[in-house]
Amino acid sequence: MTKHYKNEQIMKFLTIIGALVGLATLILSIAGLGSYGLIDPVFALNAVLNFIIGIVIVALTFLVAMKPDEPLPFHWLVLFILAILLVIFGAGIIACVLVIIAALIGLIEDL
């Protein structure tokens with residue numbers, strides 16, 4: 001069974017926009033263009049490996065919003081973990097902030 005949030009549409013919208021912004025940031029970073037929302041990861045990963053893992057995290061974030069409970073449950077804790085992974089693997093701070101806002105909306109509804 002899925003948990004339905006009262007503001008689920010807003011949460012899905014923010015998650016999808018966050019995934020799209022993360023995808024754009026990853027594409028700009030692999031193209032060599034500077035990104036204003038990028039933090040260099042602490043890990044010493046190769047740029048291509050970082051890009052591949054970032055694409056997988058962005059795809060999971062997108063699928064969580066589009067198909068709840070298919071690959072991962074649509075829950076505020078999952079969104080928070082995906083937001084942290086987005087910023088670690090180079091999808092940018094803006095994508096992370098959008099997904100964290102969606103997670104905080106879910107957390108506030110759970111309280």
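Here are some short exercises, with worked solutions, on the predicted model shown above.

**Exercise 1. The overall layout**

Task: Work out how many helices and strands the protein has, and in what order its elements run.

Solution:
- Start by counting: you should find 4 helices and 0 strands.
- Next, walk along the chain from the N terminus, and you'll read the elements off as α-α-α-α.
- Now look at burial: of the 111 residues, 34% count as buried.
- Last, check how far apart contact partners sit in the sequence. Take the contacts between residues at least 6 apart; 74% of these join residues at least 24 apart.

**Exercise 2. How α3 packs on α4**

Task: Find out which way helix α3 runs relative to helix α4, and which residues meet.

Solution:
- Two packed helices are described by the angle between their axes and the distance between the axes, so those are the values to look for.
- Helix α3 covers residues 76-88 and helix α4 covers residues 93-110; their axes are 8 Å apart, at an angle of about 165°.
- Angles over 145 degrees count as roughly antiparallel, so α3 is roughly antiparallel to α4.
- The crossing of α3 past α4 is left-handed.
- From α3, the residues that take part are W76, L79, F80, A83, L86 and V87. They meet a group in α4 that includes I93, C96, V99, I100, A103, L107 and D110.
- Sort the contact residues by class and you get 14 nonpolar, 1 polar and 1 charged.

**Exercise 3. How α2 packs on α3**

Task: Do the same for helix α2 and α3: which way do they run, and what kinds of residues make the contact?

Solution:
- Helix α2 spans residues 47-66, and its axis comes within 9 Å of the α3 axis, crossing at roughly 155°.
- That makes α2 roughly antiparallel to α3.
- The handedness of this crossing is left-handed.
- On the α2 side, the contact uses N50, I57, V58, L60, T61 and V64, while α3 brings L79, L82, L85, L86 and I88.
- By class, the contact of α2 with α3 holds 9 nonpolar and 2 polar residues, with no charged ones.

**Exercise 4. How α1 packs on α4**

Task: Now try α1 and α4: what are the angle and the axis distance, and which residues touch?

Solution:
- The angle is about 165°, and the axes lie 8 Å apart.
- So α1 is roughly antiparallel to α4.
- Here the crossing is left-handed.
- In α1, look for I10, M11, L14, T15, I17, G18, V21 and G22; in α4, look for I94, A95, L98, V99, I101, A102, I105 and G106.
- Classing these residues gives 12 nonpolar, 4 polar and no charged.

**Exercise 5. Hunting for salt bridges**

Task: Search the whole structure for salt bridges, and say which side chains meet.

Solution:
- Side chains of opposite charge can pair when their charged atoms come close.
- The search turns up 1 salt bridge.
- The partners are E8 and K12, with an N to O distance of 3.5 Å. The cut-off is 4 Å, so this pair makes it.
- Where do the two sit? Both are in helix α1 (residues 8-30), and because they are 4 residues apart there, about one helical turn separates them.
- Finish with burial: E8 is buried, and K12 is buried too.

**Exercise 6. Three residues up close**

Task: For V64, A59 and I94, decide whether each is buried or partly exposed.

Solution:
- Begin with V64, which lies in helix α2. Its relative accessibility is 0%, so V64 counts as buried.
- Leaving out residues up to four places away in sequence, V64 touches L72, P73, F74, L79 and L82. F74 is 10 residues from V64 in sequence, and their C-alpha atoms are 5.8 Å apart.
- Move on to A59, also found in helix α2. With a relative accessible area of 36%, A59 is partly exposed. The C-alpha atoms of A59 and A19 are separated by 7.4 Å, though the two are 40 residues apart along the chain.
- That leaves I94, in helix α4. Its relative accessible area is 36%, so I94 is partly exposed. V21 is 73 residues away along the chain, yet the C-alpha atoms of I94 and V21 are separated by 7.3 Å.

Note on methods: Residues are numbered from 1 along each chain as its sequence is written. This is a predicted model: local features need pLDDT of at least 70, side-chain atom pairs count only at pLDDT 80 or more; totals for chains, interfaces and linings use all residues. Side-chain values use heavy atoms; hydrogens and water are left out. Axes are lines fitted to C-alpha atoms, for helices over the stretch in contact, and angles run from 0 to 180 degrees between N-to-C directions. Helices (H or I, at least four residues) and strands (E, at least two) are DSSP runs, numbered from the N terminus. Angles under 35 degrees count as roughly parallel, over 145 as roughly antiparallel, 65 to 115 as roughly perpendicular and the rest as oblique. A crossing is left-handed if the near helix is turned anticlockwise from the far one by less than a right angle, and right-handed if clockwise. Contact means heavy atoms within 4.5 Å. Ala, Val, Leu, Ile, Met, Phe, Trp, Tyr, Cys and Pro count as nonpolar, Asp, Glu, Lys and Arg as charged, and the others, Gly among them, as polar. Buried means under 20% relative accessible area, exposed over 50%, partly exposed in between (1.4 Å probe, protein chains only).
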